[in-house]
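Here is a quick tour for someone meeting this structure for the first time. Have a look at the sequence and the model, then read on.

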Amino acid sequence: TGVLLQVDDLAVEFDTPKGPLRAVRGVSFQVGEGETLAIVGESGSGKSVTAHTLMGLVPLRARIVSGRVTIEGRDVTGLSDKEWRELRGERIAMIFQDPLSALNPSLTVGYQIAEMFRRHRRLGRKESRRLAVGLMEQVGIPDAERRLDDHPHRFSGGMRQRVMIAIALALDPRLLIADEPTTALDVTVQAQILRLLRQRQRADRLGMIIISHDLGVVARAADRVAVMYAGRIVETGTVAEVYERPAHPYTLGLMRAVPTPRDGGAPLEAIDGQPPDLLAPPDGCAFHPRCPFARDKCREVDPEQHELGPRRASACHFAEEVMTGVHTGHG
Ligand code: SF4
Ligand code: MG
């Protein structure tokens, strides 16, 4: 099956008064047709910057310093704003954590969905509204026809996220990027939205990227995982591989921080310490100040990606040891 997205050695830097901040460093991954990749990490790990860069939305004061992004075989690294506007929505679409800030509060939901068809497909008002109703039904908004003329504030958080998903899917993109799509929602609604995304992704064989700080969300929604720390991918594999035998101490820490019903939803054990200052990252492995496995070598040598299998890698000097020596965080 086809590779929809290919990212090679991407590096993104912010200009700050104190000098360049390397937010994303040497990030490479692929997303195939019908495949969901989760990018997981704490805030400041570079996961959102990576996602926005893929959409041509390089943040203010940031620039791509190296690397290449290819969407459906087309190098998009140097596209103009106009070319990006054509690509976005049509081939690649994004949904965000907070649908209320992404929707226009003064326009009806139906208008905002229908606008996709009017603007991009040059369809008339009636036809656009008809398609909007169909989309609202597809994403599980009850009583779609009547709700067409309601404004966003009349919808619950979960229903608003469904509206955003409808807008994102309107033009049949091949690739969908969801940045913390359920973080603002309560647990029951989270599960419903994840189920909906998964359904649509499977039905349309979309390539999907879910950005999340929550490994629990990822386990339910993704096929593959890339764990990011301090601007780098530190571990990749299938969901099962990463959960059953994590190969990087940071992943291990994230897993222990996943709340379980048994503890009343409180994290079992957060990872000690803070992510590094990316203006002055530590020598050697960026994780070493927080790593329970750290040794002298870790303070001196920045680890390369160790291949552990097909599309399975860890950027830890002691990956094999981490994999064999410990059980998952549920013990
Ligand atoms: Fe920990 Fe060393 Fe592995 Fe870095 S390289 S994650 S410090 S054991
Ligand atoms: Mg974010």
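## A walk through the model

Aspartate 75 sits in strand 5 (residues 74–75); helices here are DSSP runs of H or I with at least four residues, strands are runs of E with at least two, and both are numbered from the N terminus. Before going further: this is a predicted model, where local features need pLDDT of at least 70 and side-chain atom pairs count only at pLDDT 80 or more, while totals for chains, interfaces and linings use all residues. Residues are numbered from 1 along each chain as its sequence is written, and chains are lettered from A and ligands numbered from 1 in the order in which they are written.

Back to aspartate 75: is this residue buried or exposed? It counts as exposed, because it has 11 C-beta neighbours inside 10 Å. The scale works like this: 20 or more other C-beta atoms within 10 Å of a residue's own means buried, 12 or fewer means exposed, and in between is partly exposed, with C-beta atoms placed from the backbone. Aspartate 75 touches Arg68 and Thr70, leaving aside residues up to four places away in sequence; touching, or contact, means that the C-beta atoms, placed from the backbone, lie within 7 Å. Aspartate 75 and glutamine 6 are 69 residues apart in sequence, yet 9.2 Å apart in space, C-alpha to C-alpha.

Valine 40, in strand 3 (residues 36–40), is buried, with 25 other C-beta atoms within 10 Å. Not counting residues up to four places away in sequence, valine 40 touches several others, among them Ser212, His213, Val225 and Leu254. Glutamate 235 is 195 residues from valine 40 in sequence and 9.9 Å away in space, C-alpha to C-alpha.

### Helix 7 and its neighbours

Now for helix 7 (residues 157–169). With 13 residues at 1.5 Å each, helix 7 should span 18 Å, and its end C-alpha atoms are indeed 18 Å apart; the expected span is 1.5 Å times one less than the number of residues. Twelve of those 13 residues are buried, so helix 7 is largely enclosed by the rest of the structure. The cover over its buried residues includes strand 6 (92–95), helix 5 (125–138) and strand 7 (175–179).

Helix 8 (187–204) is also part of that cover. The axes of helix 7 and helix 8 come within 10 Å and cross at roughly 15°, and these two helices are therefore roughly parallel (an angle under 35 degrees). On the helix 7 side, the contact includes Gly157, Gln161 and Leu169, and on the helix 8 side, Val189, Ile193 and Arg200. By class, this contact has six nonpolar, four polar and two charged residues.

Helix 4 (109–121) belongs to the cover too. Its axis comes within 8 Å of that of helix 7, and the two cross at roughly 15°. The contact is made by Val109, Gln112, Ile113 and Met116 of helix 4 and Val163, Ala166 and Ile167 of helix 7.

### Two arginines with positive phi

Both arginines below have a positive phi although neither is a glycine.

| Residue | Phi | Loop |
|---|---|---|
| Arginine 61 | about 65° | between helix 1 (47–54) and strand 4 (62–71) |
| Arginine 311 | near 55° | between strand 11 (306–309) and strand 12 (312–314) |

Arginine 61 is exposed, with 10 other C-beta atoms within 10 Å, whereas arginine 311 counts as partly exposed, with 13 C-beta neighbours inside 10 Å.

How values were computed:
Two residues are in contact if their C-beta atoms, placed from the backbone, lie within 7 Å. Axes are lines fitted to C-alpha atoms, for helices over the stretch in contact, and angles run from 0 to 180 degrees between N-to-C directions. Angles under 35 degrees count as roughly parallel, over 145 as roughly antiparallel, 65 to 115 as roughly perpendicular and the rest as oblique. Ala, Val, Leu, Ile, Met, Phe, Trp, Tyr, Cys and Pro count as nonpolar, Asp, Glu, Lys and Arg as charged, and the others, Gly among them, as polar.
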